[in-house]
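Subject: Structure handover

Hello,

Here is the structure I promised you. Please load it and keep it open while you read the notes below.

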Amino acid sequence: MGDELNQTYIVLEGFVGVTKYRYLYFVTMFTAYILILSSNVSIVALIVIHRNLHEPMYVFIAGLLMNSILYATVIYPKILVDVLSEKQVIAYSACLFQWFAHYSLGAAEILLLAAMSYDRYVSICNPLRYPVIMRKPNPSVILFSAFLLPVLLVSVPTAMNVNTRLCHFALSEIVCGSMIYKLHCIKSVVLNIYGLAVFGNMIIFCLLFIFFAYTRILTVVHRSGPTVRAKAAQTCFPHLIVLISTSCLSTFEVILYRTEANFPITVRLAMTLQKILYHPLFNPIIYGLKMQEINKHFKRLFSLSKIIHCGNTLTRQTVIVYCLHKPKV
């Protein structure tokens, strides 16, 4: 029975001072989870409801925000349970699922950012061909492929890791990410080659393409007038901020795994919290504030809610005044 438990369950040792700060952890993570869901769902709902937002750029933004919702839904409920538990453990099968979601959604995010850069490249550098290239079915096909391709690619190593023999049963993490290979008795050469060949090439290709697209955009914008520059700044600046943020966090994770550096648990926790807290909250704030059309719909929504609230208040006050001064019969 003990052997079975050792082979099945993994101890997560990445929490710092969880016994002392248990409720602080819970309140922080629960608040973050609610904010992530509400902010991302609000923008996705606006894009779905309003027909003038049914453009390729906003379709890709909705896909990126849905990606954040899926990632948070996979990660946060388990963390909330862990911080309230005496022991932070996870079944190896659930750990594999977290690893699968971590890599497939991470790769989908890179592909979506590449799709957004392509959309901006065609819109600014080839505006006459934009309606033909980005006609109605194409954005949906690109969006679907951006989610499906990583799922298919990550399914291969996930299936190969199901029956892998484990020699270690503890991770210095709060979620199962790239460090899951440290649990294995023997590192698989096939999986290493597969990871470098497939994901390494895909990420490098996407980043090179994004770099090329924005270089061309900057060249065209530099030669254009102030109107084109203003439009390019409004649509490209949020994408670049999100891209830089994603690249920095992904680079740290790759360095951590490939160099096998023995960072302190506090440093690992800080970087993990940045990835699961800062990044999913960052996207809706950037796109909600910086994208003019989305920001406009948000202002209208809040203005409408204020009008309704004021109308209800005035109605209640009118009824009260009428009741107090009702003529006697």
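Which of the 62 residues in the largest nonpolar core touch the most other members? They are Ile47, Tyr58, Ile61, Leu171, Ile217 and Tyr287. Helix H4 gives this core its largest share, 17 residues. Another core lies apart from it and has 22 residues, including Tyr25, Ile36, Tyr71 and Leu80. Please bear in mind that this is a predicted model.

Tyr58 deserves a closer look. Leaving aside residues up to four places away in sequence, Tyr58 touches Ile47, Leu53, Met291, Glu293 and Ile294.

Helix H7

H7 covers residues 189-223. Its length can be checked by simple arithmetic. At 1.5 Å a residue, the 35 residues should span 51 Å, and the end C-alpha atoms are 50 Å apart, so expectation and model agree. The helix does bend, by about 25°, at Gly200. Gly200 is also one of the buried residues of H7. Others buried in this helix include Leu191, Gly195, Phe199, Met202 and Cys206. Further along, Ile210, Ala213, Tyr214, Ile217 and Val221 are buried too. Ile217 appears again among the core residues that touch the most other members.

Aromatic pairs

The count comes to seven aromatic pairs. One of them joins Phe15 and Tyr25. The geometry is edge-to-face, at 5.9 Å centre to centre and 90° between the planes. Phe15 sits in the loop between strand S1 (9-12) and helix H2 (22-49), and Tyr25 sits in helix H2, so the pair ties together parts that are ten residues apart in sequence. Are these two residues buried or exposed? Phe15 is buried, with a relative accessible area of 11%. Tyr25 is buried as well, with a value of 13%.

Tyr118 and Phe209 form a tilted pair, with 6.1 Å centre to centre and 40° between the planes. Tyr118 belongs to helix H4 (residues 92-125) and Phe209 to helix H7, so this pair ties together parts that are 91 residues apart in sequence. Tyr118 counts as partly exposed, because its relative accessibility is 28% and the buried class ends under 20%. Phe209 is partly exposed too, with a relative accessible area of 24%.

There is also an aromatic cluster, formed by Trp99, Tyr103 and Tyr181.

Asp82

Asp82 is in helix H3 (residues 56-83). It is an acidic side chain to check in your setup, as Asp82 is buried, with a relative accessible area of 2%. What does Asp82 touch, not counting residues up to four places away in sequence? Its contacts are Leu12, Phe15, Gln88 and Val89. Phe15 is thus shared with the edge-to-face pair described above.

The sheet

Three strands form an open sheet. The order is S2-S1-S3 and the pairing is mixed. S2 (89-91) and S3 (170-171) stand at the edges with a single partner strand each, so one side of each has no neighbour in the sheet. S1 and S3 run parallel and are joined by two bridges. Where is the bridge partner of Val11 in S3? It is Ala170.

Best regards

Conventions. Residues are numbered from 1 along each chain as its sequence is written. This is a predicted model: local features need pLDDT of at least 70, side-chain atom pairs count only at pLDDT 80 or more; totals for chains, interfaces and linings use all residues. Side-chain values use heavy atoms; hydrogens and water are left out. Helices (H or I, at least four residues) and strands (E, at least two) are DSSP runs, numbered from the N terminus. The expected span of a helix is 1.5 Å times one less than its number of residues. The bend at a residue is the angle between axes fitted to the seven residues ending there and the seven starting there. Buried means under 20% relative accessible area, exposed over 50%, partly exposed in between (1.4 Å probe, protein chains only). Rings of Phe, Tyr and Trp (its six-membered ring) pair if their centres lie within 6.5 Å; planes under 30 degrees apart count as stacked, over 60 as edge-to-face and the rest as tilted. Contact means heavy atoms within 4.5 Å. A nonpolar core is a set of buried Ala, Val, Leu, Ile, Met, Phe, Trp, Tyr and Cys residues joined through side-chain atoms within 4.5 Å. Two strands pair if DSSP finds at least two bridges between them.
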